[in-house]
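Dear colleague,

I am handing over the structure that we talked about, and below it you will find my notes on what turned up in it. Please read them with the model open beside you.

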Amino acid sequence: MFMKSLITAAVLAAGVNMASAADISGAGATFPFPIYAKWADSYKKDTGNGLNYQSIGSGAGIKQIKAKTVTFGATDAPLEPAELEKAGLAQWPMVMGGIVAVVNLDGVKPGDIVIDGPTLANIYLGKITTWNDPALKALNPKLDLPNLPIVPIHRADGSGTTFNFTYYLGEVSPEWKSKVGVSTTVDWPGGIGAKGNDGVANNVATTKGAIGYVEFAYAEQNKLTFADMANKAGKVVAPTMDAFQAAAANADWDHAPGFYLILANQPGDKSWPMTAATFILLPKDPPNKAAAKDALDFFKWAYEKGNKMAADLDYIPMPDNVVKLVEAMWAKDINLK
């Protein structure tokens, strides 16, 4: 099943990247790649226009849009207002989703195992090294956890998924915040690095005892075992659309300059603790106005017609009020003349 899903991803990637000179060009986050690929395929059928999107990680996407080698950049780590201003970029959220911890343990099915934030931080800090550690046994009293080494898998590339994951760990673990910190790339205490959400998924699937973090669509597509989690309210929740939406409901986009907002560790009994938005970056004064207009046409279409496709892949569409805020920002801040 995993190989089949890899082939599916490769076919999607080919469909998105086999572009003509007139296609819309973008690069960045792997987190939203499944939905961008789906939107691109549907948009091509609707309009005849293609999307050449390079799924290369948020860090690389930010570099490319700052260098103006693509029409738009994509990042899961939003740029702060001061950095946006300095780079002359507009930023907006395109869709939201959930990050999940995935594991490779014989006999353990999706949702069988529970992990909380402090325990997850201690695993990645190298303080919890076997699956039958007392902290994991306390969270899973009915699960027969093996005396098997834990192999933490992390992103090796500049990653917005890593930014949101480390932000969450920093929220729940003062030791993580002080020793490792929050960024798109960090000095990992140990483990194995892999490129992209797909690389982490592949490594977890092929490594007994592994644990990793990926966007939920990758866990679903690759039939990986994900963990339920204890959230900020102390409630154990499963990664479902309802749980992602519960976390997203607390987002105050109206009062977020440059739409800079982090959704991790939101309050609420039903909130998924590792929820995240993914963002688009576009120059306020684009060097190629026609290409920028084509990109905005695509994003407008995605907001209007892409919601069901997003929900089918367990992403959360942006609420109508946020879409109105974004489109008003386009008209005000992006010079297409």
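**Cores, strands and rings**

The largest nonpolar core (a set of buried Ala, Val, Leu, Ile, Met, Phe, Trp, Tyr and Cys residues joined through side-chain atoms within 4.5 Å, where buried means under 20% relative accessible area with a 1.4 Å probe, protein chains only) has 105 residues, and those with the most contacts inside it are Trp39, Trp92, Leu120 and Trp253. Strand S4 (residues 89–103) gives the largest share of this core, 10 residues; strands here are DSSP E runs of at least two residues and helices are H or I runs of at least four, numbered from the N terminus. Apart from this core lies another one of eight residues, including Ala27, Ile62, Ile65 and Val70.

Please keep in mind that this is a predicted model, in which local features need pLDDT of at least 70 and side-chain atom pairs count only at pLDDT 80 or more, while totals for chains, interfaces and linings use all residues. Residues are numbered from 1 along each chain as its sequence is written, and side-chain values use heavy atoms, with hydrogens and water left out.

Turning to the strands, S3 (residues 72–75) is joined by three bridges to strand S1 (residues 24–28), and these two run parallel, with glycine 28 having alanine 74 as its bridge partner in S3. Three bridges also join S3 to strand S12 (residues 275–283), this time antiparallel, and there threonine 75 stands opposite phenylalanine 279. Two strands are taken to pair if DSSP finds at least two bridges between them. From S3, Phe72 and Ala74 point one way and Gly73 and Thr75 the other way, and all are buried.

As for the aromatic residues, the structure holds 24 aromatic pairs, counted where ring centres of Phe, Tyr and Trp (its six-membered ring) lie within 6.5 Å, with planes under 30 degrees apart called stacked, over 60 edge-to-face and the rest tilted. The rings of tyrosine 53 and phenylalanine 72 have centres 6.1 Å apart and planes at 10 degrees, so this pair is stacked. Because tyrosine 53 lies in strand S2 (residues 51–55) and phenylalanine 72 in strand S3, the pair ties together parts that are 19 residues apart in sequence; both residues are buried. The rings of phenylalanine 298 and phenylalanine 299, with centres 5.5 Å apart and planes at 65 degrees, form a pair that is therefore edge-to-face, and both of these residues are buried too.

With best wishes

Methods. Buried means under 20% relative accessible area, exposed over 50%, partly exposed in between (1.4 Å probe, protein chains only).
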